[in-house]
Amino acid sequence: MKILLTGINSRYIHSNLAIRYLKAYTKDLDAECIIREYTINDRIENILESIIKEKADVVAFSCYIWNMEYVNQLSKLIKLVDENIEILYGGPEVSFDSTAVLEENPGEYVISGEGEETFRDFVLYKLNQKEINKIKGLTYRNKDGEIINNGIRENMNMENLIFPYEEDENLDNKIVYYEASRGCPFGCKYCLSSTEHRVRFLDIERVKKELMYFINKKVKLVKFVDRTFNCRHDFSMAIWKFLIDKDTETKFHFELSADLLSDDEIALLNTAPKNRFQFEIGVQTTNEQVLKNIHRYVKFDHLKSKVLGIERGKNIDQHLDLIVGLPGEDYKSFRNSFNDVYSLRPEVVQIGFLKLLKGAAMRDEAKLWEMKYSPYAPYEVLRTNCVSYDEIVELKKVDEMVDKYYNSGKFKNIVNYLLPKFETPFDFYLALARFYDEKGYFNKSIGNVEYYNVFHEFNMSELNGEYQDIFDEIIKYDYLMFNKKRWLPPFLKRHLEKEEEREIKEDLRGNEPFKRMHIEKYSINMKEYLEKGSIKNEYYYLIYDEDTAEKVEYKKNI
């Protein structure tokens, strides 16, 4: 008996933790469970061919909001090719309406909730060692076509989980997922984790041992899927200290409630090696009434002090999240929330759009807030009684500008130059988004050079070309930090003459700081601008490594 555990991920670098758990939890049984992973960017015909080629008795799909439409299509195609292949659905996207899933789609089985023990019982059933009507957590279609729901299964003891990764597994260039706890102590109405307030933890020593697997394999990024990693002080302190003390290049990503951080936790985190940790912190909004509407009770000033406490260490990237479309938040309120979060200057500002997930309390309150949302996954809000469809569309465009020009980190000095010319940071990104829209850039693919040229054009159009020559020098600096040095786009000027370049190289002969040297001349003192924000009109020289952003200042003495 062969079961194909199928993960359709959003990107190639992602890995599916759920199907690995299922395989590990049944590896002692006399059944062949194999894993195949694809992405939503793969051609559906190719995935179908790959699945059929396996000649499995059962195809099990791991279902999420980002892949459910794909799964539905594949299921229909599988049945058209071979109606004898049985289909099993599992995951958060099918857990809360399992009967409807089988009523509306081809297939025989749905696992609701945590899947490991239910899947094990299902495999035993297929091996004729268990009766199907006694498997809690399973919904199935019987021989008469009737859909039977066996009821809810209690959550398992996490210590019974089997570590889901195999010793010889190739995890190169993958984001690898790991969990040390399940559940969340909070009750945020938009989140599925709010349905389970009890948090279960793995034994600390077990977690340390399992983390060594990733360290020894030199995995680049491990993302903890724990909903609130720091909700138990002794646990988070022990794991963080363990990872801080290790000699590794692996980076570990955690989702935190920053307001829960204690002074000793922040002090410990400030000692971490640079780039060892990356934090995702859900702010969602800074409007206290809106926070109450979603059952979050966090004062922004308190959260702010914790974020700044982490920032003092200059060693941890922080991603701060906001959500558009929350109940009671209008456009003006979101603008304020954005500016509050932006003032903290985290490495990443993530703007999400409210999704009314199956099973989340927010979906039950949709009428109360006059929320209209897409009936198709990911069930994103279209409008509410506080924010219109047109406003949400505009905020999506602002989000694109923030993601490209702030989160990428490639335009830092350009953005810092422009920000003071607008009332607030939000107004700058809004103006940039509207300019993008007017130029039609949202509807076409633009190359790397064009991303910089946008600012050149933006300054000419929106700010009447104010100090254009000076601004172009700042654009040139950011451009050369991330692009080849030997060529400049036409809208940027190269001031260095051939004879001057020859004289400088002669002056540096025998003492070149780089193997491959590129000299750049600026018409303003970039050091003054970068360090103090002041602009001094005097020539300034930088020597770059041709292949990297490494550079040194050059004092011309000839």
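Here are some notes on the sheet, helices, cores and a few single residues of this predicted model.

1. Start with the open sheet. Its 6 strands come in the order 8-11-12-13-14-15, and the pairing is parallel. Strand 8 (175–178) and strand 15 (348–353) sit at the edges, each pairing on one side only. From one strand to the next, the twist averages 25°.

2. For a closer look at one pair in that sheet, take strand 13 (residues 277–284) and strand 14 (residues 317–324), which are joined in the parallel sense over 6 bridges. If you want a register check, Phe279 has Gln318 of strand 14 as its bridge partner.

3. Two helices that lie across the sheet are worth a look. Helix 6 (residues 204–217) lies across strand 8, strand 11 (221–224) and strand 12 (251–256), and runs at about 170° to strand 8. Helix 11 lies across strand 13, strand 14 and strand 15, at about 175° to strand 14. Angles over 145 degrees count as roughly antiparallel, so helix 11 is roughly antiparallel to strand 14.

4. Helix 11 (residues 331–342) also packs on helix 15 (residues 425–439), with the axes 8 Å apart and an angle of about 110°. That value falls in the 65 to 115 range, so the two helices are roughly perpendicular to each other. Helix 11 brings Tyr331, Phe334, Arg335, Phe338, Asn339 and Tyr342 to the contact, while helix 15 brings Pro425, Phe426, Asp427, Tyr429 and Leu430. Sorted by class, that makes 8 nonpolar, 1 polar and 2 charged residues.

5. Helix 15 turns up again in the largest nonpolar core, which has 130 residues: this helix gives the most to it, with 9 residues. Phe277 and Phe455 have the most contacts inside that core. Leaving out neighbours within four places in sequence, Phe277 is in contact with Trp240, Leu243, Ile244, Lys251, Phe252, Phe254, Leu269, Ala272, Asn315, Ile316 and Asp317. Another core lies apart from the largest one; this has 24 residues, including Leu4, Ile8, Ala56 and Phe61.

6. Strand 18 (residues 517–522) deserves its own point. All 6 of its 6 residues are buried, so the strand is largely enclosed by the rest of the structure. Met517, Ile519 and Lys521 point one way, and His518, Glu520 and Tyr522 the other way. Note that Lys521 and Glu520 are among the buried ones. The strand runs antiparallel to strand 19 (residues 540–545), with 6 bridges between them, and Met517 stands opposite Asp545.

7. Don't skip Asn230, found in the loop between strand 11 and helix 7 (233–244). Its relative accessible area is 3%, under the 20% cut-off, so Asn230 counts as buried. What does Asn230 touch, not counting residues up to four places away in sequence? The list is Ser236, Trp240, Leu256, Ser257, Leu260 and Leu261. Of these, Leu260 is 30 residues from Asn230 in sequence, with the C-alpha atoms 7.1 Å apart. Trp240 is also on the contact list of Phe277.

8. Last, helix 5 (residues 116–126). Its buried residues are Glu116, Thr118, Phe119, Asp121, Phe122, Val123 and Leu124. After the helix comes Asn128, with a positive phi near 65°.

Notes
Residues are numbered from 1 along each chain as its sequence is written. This is a predicted model: local features need pLDDT of at least 70, side-chain atom pairs count only at pLDDT 80 or more; totals for chains, interfaces and linings use all residues. Side-chain values use heavy atoms; hydrogens and water are left out. Buried means under 20% relative accessible area, exposed over 50%, partly exposed in between (1.4 Å probe, protein chains only). Helices (H or I, at least four residues) and strands (E, at least two) are DSSP runs, numbered from the N terminus. Two strands pair if DSSP finds at least two bridges between them. Axes are lines fitted to C-alpha atoms, for helices over the stretch in contact, and angles run from 0 to 180 degrees between N-to-C directions. Angles under 35 degrees count as roughly parallel, over 145 as roughly antiparallel, 65 to 115 as roughly perpendicular and the rest as oblique. Contact means heavy atoms within 4.5 Å. Ala, Val, Leu, Ile, Met, Phe, Trp, Tyr, Cys and Pro count as nonpolar, Asp, Glu, Lys and Arg as charged, and the others, Gly among them, as polar. A nonpolar core is a set of buried Ala, Val, Leu, Ile, Met, Phe, Trp, Tyr and Cys residues joined through side-chain atoms within 4.5 Å.
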